[in-house]
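Reader: I have just opened this one and would like a slow walk through it. Could we start with how the elements are named?

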Amino acid sequence: MKDMNGIKYIEIGNKSGKDIVFVHGFPFDHTMWDHQAAYFSDQHNVVLYDVRGLGESEVGSGQFTMETFVDDLNNLINYLELEKPVICGLSMGGYIALRYAEKYGNHGALVLCDTKAEADNDVAKLNRANGIAAIKSSGLTSFVEGFIPGLLAEENQEREDLLKVDLINRSSGFEPEGVIGSLLAMISRTDTTEFLASIKNPVLVVCGEEDKFTPVPLMSVMAGRIKNAKFEVIEGAGHIPPLETPDKFNKVLNDFIATL
């Protein structure tokens, strides 16, 4: 992986196609987009990176805000000289993408996957605070073993079990301070609900049919607040359609990109 001020990234594919920047969710890294990188890099320029504190990116103090992550994305886009890329973010990556679009506006299109515009309410803040306490008291492995299974659908249990083990093993290897930093950043994020109505560029909103964290009704309301947004529900997926049902997700994303 290449380095930009502590942010580790990969840029692969066809420079003559669209620039697509994939922003991963919590508590993952760029590898959650491996299926998409393989699929889209033939025709498009694909950028994957590890959000600060996760994967191979720099942890530093581990004291992050959502603005830290948004500024990192902006710096990477400027560093790579990407002009109005397609920005695809999942869950925490969706928070980053939405706030980036609100703050900087340099995007050709947005793909918002299993995410929401609302800031954390008090219950969510306390849940994240409990997560921080759990990592400090019982360790990161125990935390991800409790957290990750709830992200996945139950439809294809055998495949989900293999995916669960792989995700737990990978996330357990991150620096605990970096994972805690992501939880702090999500607590700190602003509400972007009012911004939705002002988005002018194309938007695709994607939700796993069995997503318990950002369920279909919630995401349908968000999509309805964005002018001309396209809303797609991915059957057989929970909170991570790009990993759980990559073929279905890739088709939906490819069809959307073909319209740009």
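Author: Helices (H or I, at least four residues) and strands (E, at least two) are DSSP runs, numbered from the N terminus. This is a predicted model, in which local features need pLDDT of at least 70 and side-chain atom pairs count only at pLDDT 80 or more, while totals for chains, interfaces and linings use all residues. Residues are numbered from 1 along each chain as its sequence is written, and side-chain values use heavy atoms, with hydrogens and water left out.

Reader: Okay, so where does N5 lie?

Author: N5 lies in the loop that runs between β1 (2-4) and β2 (7-13), and its phi is near 55°, a positive value in a residue other than glycine.

Reader: And is N5 buried or exposed?

Author: N5 is exposed, with a relative accessible area of 62%, where exposed means over 50%, buried under 20% and partly exposed in between (1.4 Å probe, protein chains only). E81 also has a positive phi, of about 55°, although it is not a glycine; E81 sits in the loop between α2 (66-79) and β5 (86-90) and is exposed at 71%.

Reader: Changing topic, what kind of peptide bond joins F26 to P27?

Author: That bond is cis, with omega near 0°, and P27 belongs to the loop between β3 (19-23) and α1. For background, most peptide bonds are trans.

Reader: Then α1 follows; what is Q36 in contact with there?

Author: Q36 has its place in helix α1 (residues 34-40) and is buried, with a relative accessible area of 0%. Leaving aside neighbours within four places in sequence, Q36 is in contact (heavy atoms within 4.5 Å) with F22, S41, P242, P246, F249 and N250.

Reader: How do helices α4 and α7 pack?

Author: Helix α4 (residues 122-138) and helix α7 (residues 176-188) pack at an angle of about 170°, with their axes 9 Å apart; axes are lines fitted to C-alpha atoms, for helices over the stretch in contact, and angles run from 0 to 180 degrees between N-to-C directions. The two helices are therefore roughly antiparallel to each other, a term for angles over 145 degrees. Among the residues making the contact are I132 and I135 of α4 and L183 and L184 of α7.

Reader: Which residues touch the most other members of the largest nonpolar core?

Author: Y49, M92 and I96 do, out of 83 residues in that core, a core being a set of buried Ala, Val, Leu, Ile, Met, Phe, Trp, Tyr and Cys residues joined through side-chain atoms within 4.5 Å. Helix α3 (residues 92-103) gives the most to this core, with 7 residues.

Terms used
Angles under 35 degrees count as roughly parallel, over 145 as roughly antiparallel, 65 to 115 as roughly perpendicular and the rest as oblique.
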